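Visitor: Mind walking me through this one? I'd like to talk helix packing and ligand contacts.

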Amino acid sequence: MKNHGSNNSQKDRAIIVTGLTKKFGDFIAVDNISFDVKRGEIFGFLGPNGSGKSTTIRMLCGVMDITGGSANVANFDVSKQPEEIKKRIGYMSQKFSLYQDLTVNENLTFYGGIYNVPHDIFPQRRREILAMSGLSGRENELTANLSVGWRQRLALGCAIIHQPEIIFLDEPTAGVDPISRRRFWEMLYDMANKGTTLFVTTHYMEEAEHCHRLGFIYQGKIIAFDTPKNIKKLITENLYMIVCENKEKAVAVLEKVDIVDTAYIYGSIIHLNVGARQDVADALTTALKSANIPCKQVELIKPSLEDVFVSLIEKQESGL
Ligand SMILES: Nc1ncnc2c1ncn2[C@@H]1O[C@H](COP(=O)(O)OP(=O)(O)OP(=O)(O)O)[C@@H](O)[C@H]1O
Ligand SMILES: [Mg+2]
């Protein structure tokens, strides 16, 4: 079993996961994973749909039984002391549970009650959350009338009303525009700077870049675990980018060229992995030209996190 842990002592680590496993019947959703998250760290948990991210988070929050292994969160065992853990964490679930028919203020009051925030402290906490989320002055607006980005900030506010040590955020910015996402991440940085540990899942690679460390999970197994900088070093092959018309047809053509290992659409352009081969720009241009696809630009590039992601999954699927 590979352990992706650091060598820090237990007190420096907010989360310690050892051989954690979850089965649903015969299906293994989380398969013997081991890693740790340091205190004050922003940890990014990445993986394709259905890879086991939410299931892992639910087990770590003490809301889902584990099938095997163990996990320690804020120094408490998830199987034996889930109630102690619930007091010390905030959980913003993928389908977060704000009450749409309550106002901003009423949602905060409701969650203050759920998390047992003392009455004499609550007004001050509410003021802090409203200021941090930019919702001051909108206390009496109905949650249903807030746009998605604002609702997300309110959901975060509700999840942290009791000042938890560790916050689990499951795709907190899905469907949120780039400016609102940036505002949301500023709130996360602020909290991390004050010592809070953040465990975040996201499908946005630019957000992953901003995490201190990342874990990639695929079919329930962790296939990479490191800083974003080191993870990008996992691609040692040469990568090219191509700008051309008719990307789908171009990818189909390029995949058949023997100097190309993989070709895929990357936003508005194409990325290609050509293995150890060098100086292949002319050969790529010629291959496209013979298929009547004019090529506007071909360039050797440095891999992004998304490229690493694609490459790791390709390697897993081809059994390399
Ligand atoms: N309660 C359940 N019963 C049976 N299978 C489940 C249950 N919860 C999750 N699964 C399965 O476990 C696998 C992992 O699901 P999970 O929700 O953890 O994935 P995820 O990585 O969070 O995906 P996404 O990016 O789509 O949110 C999936 O195949 C899912 O169908
Ligand atoms: Mg999920």
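Visitor: How are H3 and H5 oriented to each other: roughly parallel or roughly antiparallel?

Guide: Quick groundwork: this is a predicted model, where local features need pLDDT of at least 70, side-chain atom pairs count only at pLDDT 80 or more, and totals for chains, interfaces and linings use all residues. Residues are numbered from 1 along each chain as its sequence is written, chains are lettered from A and ligands numbered from 1 in the order written, and side-chain values use heavy atoms, with hydrogens and water left out. The axes (lines fitted to C-alpha atoms, for helices over the stretch in contact, with angles from 0 to 180 degrees between N-to-C directions) of H3 (residues 104–114) and H5 (residues 148–159) come within 9 Å and cross at roughly 25 degrees. Angles under 35 degrees count as roughly parallel, over 145 as roughly antiparallel, 65 to 115 as roughly perpendicular and the rest as oblique, so H3 and H5 are roughly parallel.

Visitor: Which residues of H5 does H3 meet?

Guide: Helices here are DSSP runs (H or I, at least four residues), numbered from the N terminus, and contact means heavy atoms within 4.5 Å. From H3, Val-104, Asn-107, Leu-108 and Tyr-111 take part, and they meet Leu-154, Gly-157 and Cys-158.

Visitor: What about H3 and H4, oblique or roughly parallel?

Guide: The axes of H3 and H4 (residues 122–133) come within 11 Å and cross at roughly 130 degrees. That angle makes H3, relative to H4, oblique.

Visitor: Which residues of H4 make that contact?

Guide: On the H3 side you've got Val-104, Asn-105, Leu-108, Thr-109 and Gly-112. Facing them in H4 are Phe-122, Arg-126, Ile-129 and Leu-130.

Visitor: How many nonpolar residues does the contact of H9 with H10 have?

Guide: H9 (residues 247–255) and H10 (residues 281–289) have axes that come within 10 Å and cross at roughly 120 degrees. H9 brings Ala-250, Val-253 and Leu-254, and H10 brings Leu-284, Ala-287 and Leu-288. Ala, Val, Leu, Ile, Met, Phe, Trp, Tyr, Cys and Pro count as nonpolar, Asp, Glu, Lys and Arg as charged, and the others, Gly among them, as polar. With no polar and no charged residues in the contact, the nonpolar count is 6.

Visitor: Now the ligand: how far is an oxygen atom of ligand 1 from an N or O atom in the side chain of Thr-55?

Guide: Thr-55 is listed with Gly-50, Lys-53, Ser-54 and Gln-94 as nearest of the 14 residues around ligand 1. A backbone N or O atom of Gly-50 lies 2.7 Å from a ligand oxygen atom. For the Thr-55 side chain, the distance is 2.6 Å.

Notes. Helix = DSSP H or I, 4+ residues; strand = E, 2+ residues; numbered from the N terminus. Near = heavy atom within 4 Å. Polar contact = N/O pair within 3.5 Å; in protein donor to acceptor, adjacent residues only side chain to side chain.
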